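Me: Got a model I'd like to go through with you, mainly side-chain contacts and odd backbone angles. Can you take a look?

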Amino acid sequence: MSFAAKAMRDGLLEKRSSGLLQLWKKKRCVLTEDGLRLHNCKGGGGDAPGLASSSKVKELHFERMVTVDCVEYKRGLVYFTVVMVTGKEIDFRCPQDGTAWNAEIALALVRYKNLQAVQTGRNRHLSTGHLGSTGEDEEL
C-alpha cells in the first residue's frame with residue numbers, strides 16, 4: 001500500500017490487542033483504495049483525525065483480507081472483525097453514529113476485489129488473444 005493512495009476515510013477506531021489481556025487500543029485509521037493503515041495514537045482521547053500519531057504504522061492490505069465479519073451492536077458501539085487470508089482475526093470497535101467503519105471497509109474491500117477480478121479477466125483475455133488466430137484477420 002503506498003502512501004500516495006487516496007484516503008477515503010480518516011478517523012479513530014479501537015483495535016483489540018492480541019495480548020493476554022486483550023485491551024482496546026485507540027488507533028488513527030486511514031482507509032485507502034488499497035487497504036487500511038493503523039497508526040498508534042499518542043496521548044489520550046480526542047476524536048480529531050489530526051490527533052497525533054506515532055511513526056509506527058500497521059498496514060492491512062486488501063489483497064491479504066478475506067472479509068469483514070461478525071458485526072455486533074452493543075451500548076452505542078459497533079464491533080466487527082477483519083479476517084485475513086492467514087486466518088488471523090482482528091477485532092475492532094467504533095461508535096455507532098454515522099456511517100459505520102465496518103460498512104466502509106467492507107465496501108472498499110469488495111471494490112478492490114472486483115477491480116482485481118476485472119484486471120485478471122482482461123489480462124487473461126489479452127493473453128489468449130495473442131495465442132491463436134480468431135480467423136477475423138485472415139483472407140480466404
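Reply: Sure, one definition to start: a salt bridge here is a side-chain nitrogen of Lys or Arg within 4 Å of a carboxyl oxygen of Asp or Glu. This is a predicted model, where local features need pLDDT of at least 70 and side-chain atom pairs count only at pLDDT 80 or more, while totals for chains, interfaces and linings use all residues. Residues are numbered from 1 along each chain as its sequence is written, and side-chain values use heavy atoms, with hydrogens and water left out.

Me: OK, how many salt bridges in the whole structure?
Reply: The search turns up five. One of them pairs R16 with D91, with 3.3 Å between the closest N and O atoms.

Me: And where do R16 and D91 lie?
Reply: R16 is in strand β1 and D91 is in strand β7 (residues 89-95), so this contact ties together parts 75 residues apart in sequence. Helices (H or I, at least four residues) and strands (E, at least two) are DSSP runs, numbered from the N terminus.

Me: Is R16 buried or exposed?
Reply: In between: R16 counts as partly exposed, at 28% relative accessibility. D91 is also partly exposed, at 22%. The cut-offs are under 20% relative accessible area for buried and over 50% for exposed, with partly exposed in between (1.4 Å probe, protein chains only).

Me: What does R28 form a salt bridge with?
Reply: With D10, and the closest N and O atoms are 2.7 Å apart. R28 sits in strand β2 (residues 24-32) and D10 in strand β1, so the pair joins parts that are 18 residues apart in sequence. R28 counts as buried because its relative accessibility is 16%, whereas D10 is partly exposed at 30%.

Me: Which side chain meets E104?
Reply: That's R9, in a salt bridge at 3.0 Å, N to O. The pair links distant parts of the chain, with E104 in helix α1 (residues 101-129), R9 in strand β1 (residues 7-16), and the two positions 95 residues apart. E104 is partly exposed at 22% relative accessibility, and R9 is partly exposed with a relative accessible area of 22%.

Me: Switching topic, what's the disulfide count?
Reply: Zero. The test is a pair of cysteine sulfur atoms within 2.5 Å. C41 is in no disulfide, and its nearest cysteine sulfur, that of C29, is 7.8 Å away.

Me: Which cysteine sulfur is nearest to C94?
Reply: That of C29, at 9.4 Å, and C94 is in no disulfide. C94 counts as buried, at 1% relative accessibility. C41 is buried too, with a relative accessible area of 19%.

Me: Now the backbone. What's phi for Q22?
Reply: Near 50°, a positive value in a residue other than glycine. For context, most residues other than glycine have a negative phi.

Me: Where is Q22, and is Q22 buried or exposed?
Reply: Q22 is in the loop between β1 and β2. Its relative accessible area is 42%, so Q22 is partly exposed.

Me: What about phi of R75?
Reply: R75 isn't a glycine, yet its phi is positive, about 45°. R75 is in the loop between β5 (65-74) and β6 (77-84). With a relative accessible area of 81%, R75 is exposed.
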